[in-house]
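Visitor: I have a chain to look over before I go back to the bench. Could you walk me through it?

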Amino acid sequence: AQANYNRGIIAIQDGRYDDAISNFGAEATFNKALAAALKRDLNTATSSINGSADAETAQGFYLKAIIGARKDNLGDVVSNLKSAFAKDASLKEKAAKDREFVKYFDNQSFTSIVK
């Protein structure tokens with residue numbers, strides 16, 4: 001199981017997201033959610049991150065914000081970024097420049113939380 005998980009991580013780096021998801025198996029993990037988000041399978045990404053041990057971590061909330069942005073859901077972006085920033089304020093600087101949020105760079109709700 002550990003070897004397959006490691007193969008999954010390599011598959012993400014190689015852009016083989018279906019292989020990564022398959023290698024991660026049935027368990028919901030951050031990396032499985034990441035692979036699904038990169039594949040644009042946003043429902044799987046959401047269920048994987050929400051079911052993972054990282055669901056309530058700064059990185060977990062940040063990934064949920066990215067998924068929200070890919071779903072074009074400003075409410076999810078803002079609420080998840082607020083939760084991420086509460087756990088790790090250094091993520092504000094990252095979010096302010098992150099191309100995942102480019103369409104929100106001029107949005108008052110977004111800019112007020114990243115400043």
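Visitor: Where is Thr 29 found?

Guide: A word first: this is a predicted model. Two helices frame Thr 29, H2 (17-24) and H3 (30-39). Thr 29 belongs to neither; its place is the loop between helix H2 and helix H3.

Visitor: Is Thr 29 buried or exposed?

Guide: Setting aside neighbours within four places in sequence, Thr 29 is in contact with Tyr 5, Ser 48 and Ser 52. Its relative accessibility is 10%. Buried means under 20%. Thr 29 therefore counts as buried.

Visitor: How far is the backbone nitrogen of Lys 32 from a polar atom of the Thr 29 side chain?

Guide: The cut-off for a polar contact is 3.5 Å. The Thr 29 side chain places a polar atom within that limit of the Lys 32 backbone nitrogen. The separation is 3.1 Å.

Visitor: Which residues does Ile 9 touch, not counting those up to four places away in sequence?

Guide: Ile 9 sits in helix H1, residues 2-13. Ile 9 is partly exposed, at 29% relative accessible area. Its C-alpha is 8.5 Å from that of a residue 15 places along the chain, Phe 24. The residues touched are Phe 24 and Asn 31.

Visitor: Why do the buried residues of H4 line one face of the helix?

Guide: Helix H4 covers residues 42-50, and Leu 42, Ala 45, Ser 48 and Ile 49 are buried there. Their cover includes H3 and H5. Viewed down the H4 axis, the buried residues line one face because they fall within an arc of 125°.

Visitor: Which helix gives the most to the largest nonpolar core?

Guide: That core has 18 residues; Tyr 62, Val 77, Leu 81, Phe 85, Ala 95, Phe 101 and Phe 110 touch the most other members. Two or more residues come from each of H5 (58-70), H6 (74-87), H7 (91-97) and H8 (108-114). With six residues, the leading contributor is H5.

Visitor: How many residues are in the other core?

Guide: This core lies apart from the one just described. Its members include Ile 12, Ala 37, Ile 49 and Leu 63. Ile 49 is also one of the buried residues of H4. The count is 15 residues.

Visitor: What does Val 77 contact, leaving aside neighbours within four places in sequence?

Guide: Val 77 is among the residues that touch the most other members of the largest core. Its contacts include Phe 101 and Phe 110, which are on that list as well. The full set is Ala 65, Gly 68, Ala 69, Phe 101, Tyr 104 and Phe 110.

Visitor: What is the angle between the planes of Tyr 62 and Phe 101?

Guide: The whole structure holds five aromatic pairs. In this one, the ring centres are 5.7 Å apart and the geometry is edge-to-face. Tyr 62 lies in helix H5 and Phe 101 in the loop between H7 and H8, 39 residues apart. The angle is 85°.

Visitor: Which residue has its charged end over the ring of Tyr 62?

Guide: Tyr 62 is buried. Ring pairs link it into a cluster with Phe 101, Tyr 104, Phe 105 and Phe 110. The charged end over the Tyr 62 ring is 4.8 Å from its centre and belongs to Lys 94.

Visitor: Which residues is Ala 96 in contact with, beyond four places in sequence?

Guide: Ala 96 lies in helix H7. It is partly exposed, at 34% relative accessible area. C-alpha to C-alpha, Ala 53 is 26 Å away. The contacts are Phe 105 and Val 114.

Key: Residues are numbered from 1 along each chain as its sequence is written. This is a predicted model: local features need pLDDT of at least 70, side-chain atom pairs count only at pLDDT 80 or more; totals for chains, interfaces and linings use all residues. Side-chain values use heavy atoms; hydrogens and water are left out. Helices (H or I, at least four residues) and strands (E, at least two) are DSSP runs, numbered from the N terminus. Buried means under 20% relative accessible area, exposed over 50%, partly exposed in between (1.4 Å probe, protein chains only). Contact means heavy atoms within 4.5 Å. A polar contact is a pair of N or O atoms within 3.5 Å; within protein, one must be able to donate a hydrogen and the other to accept it, and residues adjacent in sequence count only if both atoms are side-chain atoms. A nonpolar core is a set of buried Ala, Val, Leu, Ile, Met, Phe, Trp, Tyr and Cys residues joined through side-chain atoms within 4.5 Å. The arc is that of the directions from the helix axis to the C-beta atoms. Rings of Phe, Tyr and Trp (its six-membered ring) pair if their centres lie within 6.5 Å; planes under 30 degrees apart count as stacked, over 60 as edge-to-face and the rest as tilted. A charge sits over a ring if NZ of Lys or CZ of Arg is within 6 Å of the ring centre and within 35 degrees of the ring normal.
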